[in-house]
Amino acid sequence: MTQLNEKEIQLVALLSEECTTPAELTAKLKNLFAGALEKMLEAEMDEHLGYEKNSVLGNNSGNSRNGYGKKTIKSEWGESEISVPRDRNGTFEPRIIEKRQTRTDDIEARILAMYAKGMSNRDIEDHLRDIYGVEASASLISRITDKIMPAVMEWQSRPLDPVYPIVFLDGIVFKVRKDSRVVNKCLYSVLGINLDGRKEILGMWLSENESASFWTTICNELKNRGVEDILIACRDNLSGFSTAIETVFPKTEQQLCVIHQIRNSTKYVPYKDIKPVMADLKLVYAAPTQDDAEYRLEEFREKWGKKYPQIVKSWEANWTELSTYFKYPQEVRTLIYTTNAVEGFHRMLRKYTKTKTVYPTDDAVKKSVFLSIQEISKKWSMPIRDWGIIIGQLMIFFEDRLQARKVS
């Protein structure tokens, strides 16, 4: 049973008097909430005027009470009508419920929380009406969520760490309205692993097309926000990114996602050949050394090159960036050979946004993703697995670039 002090027990007894159903208790709490607000407003008026109601100190003071105005407030208790005191000079500015404010902070916080969980504006509207008895149109909910746009912009431009040992880059597609039609737009995410081994979304960028200039803009933005060095960048075969990273962060090593490469390689292989092709490709990407991997790739070319020349051509064309991970110990290899870290983030992001089939604007996408990031990042409180071993190994390979950095 909940432990209550003596005053709380007395309050519970008073509230429960003559209440026989939860609805009656809710109605009483609603009235209590409105009454408490009015008491707080009266206290603010006392402070503003410098004397209490009906006090002789108010005589010839230059300002005095001037009746009450009516206001309807929407809160988690539903809609309540309250009386707001006025002064003759019109200088009273209440803080608990500001002028022109019609909702309490708690109801706005609940709207933002529901939006962050992936609920659509219409769903939130129905939920507020059914649970709290509050009428809030979809357009009103949109205006409330618009209030977070300054926070989105501040987050997107926040200072970043000087060094990120590893970053992952990938995109997720959203449908957005544009000029009376629906188009696919890709939201590109950059997930960094900082020197403490913790995940951090460095930024998000929405675009219909990817190109060298687009990625160069992103890399320059990261640099302008304080990133001086990236040791290893893990990515899908994103168009133009290789050139961009070489231009802005020339020392960064690049690792193409091996899993994406395998998927692309087997896309056009018929079912009867899938297993043997996959088995022979595994001899390549799971080889213990780069020399052995290159030998196995040559064997693959001799066996399958005539039947599937596009597979061999793709692996050979991308081999420099596919084979980066072979130089590292197993713990580092396991982390960087795939973009699974950022793909896992996108899977969680899709859980929060799956109910929103089409977004009305680019800003609507950014609001939804930003709020989802705040929820998802709550789970990233610990370093990634084996980070102590991984950073120790990276210190050996990148000693000159990490020795001046404090590693905790």
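Which helix is Glu 42 found in? Glu 42 belongs to helix α2, which covers residues 22–49. Keep in mind that this is a predicted model. The points below start with that residue, then walk through a sheet, a cavity and a pocket.

**Glu 42 and a distant partner in sequence**

- Is Glu 42 buried or exposed? Glu 42 counts as buried because its relative accessible area is 19%, and the cut-off for buried is under 20%.
- Along the chain, Glu 42 and Pro 85 are separated by 43 residues. In space, their C-alpha atoms are 6.8 Å apart.

**The five-stranded sheet**

- Let's look at how the strands are arranged. Five strands form an open sheet in the order β5-β4-β3-β6-β7, and their pairing is mixed.
- At the edges sit β5 (199–207) and β7, each of which pairs on one side only.
- On average, neighbouring strands in this sheet are turned by 25° against each other, direction ignored.
- A handy reminder: the strands of a sheet pair through backbone hydrogen bonds, and they can do so in a parallel or an antiparallel way.

**Strand pairs, one at a time**

- β3 and β4 (residues 181–193) run antiparallel and are joined by 13 bridges. Within this pair, Gly 171 stands opposite Tyr 188 in β4.
- The hairpin of β3 and β4 has two residues between the strands. In this hairpin, Asp 179 takes a positive phi near 55°.
- How many bridges join β3 to β6? There are six, and these two strands run parallel.
- Two residue pairings help you trace the contact with β6: Val 167 has Ala 233 as its bridge partner, and Phe 168 stands opposite Cys 234.
- β6 (residues 229–235) also runs parallel to β7, with four bridges joining them. Here Cys 234 turns up again, with Gln 255 in β7 as its bridge partner.
- Together, β6, α8 and β7 make a β-α-β unit that is right-handed.

**Side chains of β7**

- Which residues of β7 (residues 253–256) point which way? Glu 253 and Gln 255 point one way, while Gln 254 and Leu 256 point the other way.
- On both sides of this edge strand, these residues are buried.

**The cavity**

- Searching the whole structure for cavities of 30 Å³ or more turns up one. The largest cavity holds about 40 Å³ of space.
- The elements giving two or more residues to its lining are β3 (163–178), α7 (212–224) and α8 (241–248). The largest share, three residues, comes from α7.
- Among the lining residues are Val 167, Leu 169, Ile 218, Cys 219, Leu 222, Phe 241 and Ile 245. You have already met Val 167, the bridge partner of Ala 233.
- What kinds of residues make up this lining? Nine are nonpolar, with no polar and no charged residues.

**The pocket**

- The largest pocket has a volume of about 360 Å³.
- Its lining is made of 17 residues, and those nearest its centre are Thr 334, Leu 335, Asn 340, Ile 384 and Arg 385.
- Helices α14 (330–336) and α15 (340–353) each supply at least two lining residues. The largest share, six residues, is from α15.
- The pocket lining divides into eight nonpolar, four polar and five charged residues.

Methods. Residues are numbered from 1 along each chain as its sequence is written. This is a predicted model: local features need pLDDT of at least 70, side-chain atom pairs count only at pLDDT 80 or more; totals for chains, interfaces and linings use all residues. Side-chain values use heavy atoms; hydrogens and water are left out. On a 1 Å grid over the protein atoms alone, a cavity is a set of points where a 1.4 Å probe fits but cannot get out, and a pocket is an open set with protein on both sides within 12 Å along at least five of seven lines; lining residues have an atom within 4 Å of a point. Grid points are joined across faces, edges and corners, and a volume is the space filled by probe spheres set on the points. Ala, Val, Leu, Ile, Met, Phe, Trp, Tyr, Cys and Pro count as nonpolar, Asp, Glu, Lys and Arg as charged, and the others, Gly among them, as polar. Buried means under 20% relative accessible area, exposed over 50%, partly exposed in between (1.4 Å probe, protein chains only). Two strands pair if DSSP finds at least two bridges between them. A crossover is right-handed if, with the strands pointing away from the viewer, the path from the first strand over the helix to the second runs clockwise. Axes are lines fitted to C-alpha atoms, for helices over the stretch in contact, and angles run from 0 to 180 degrees between N-to-C directions.
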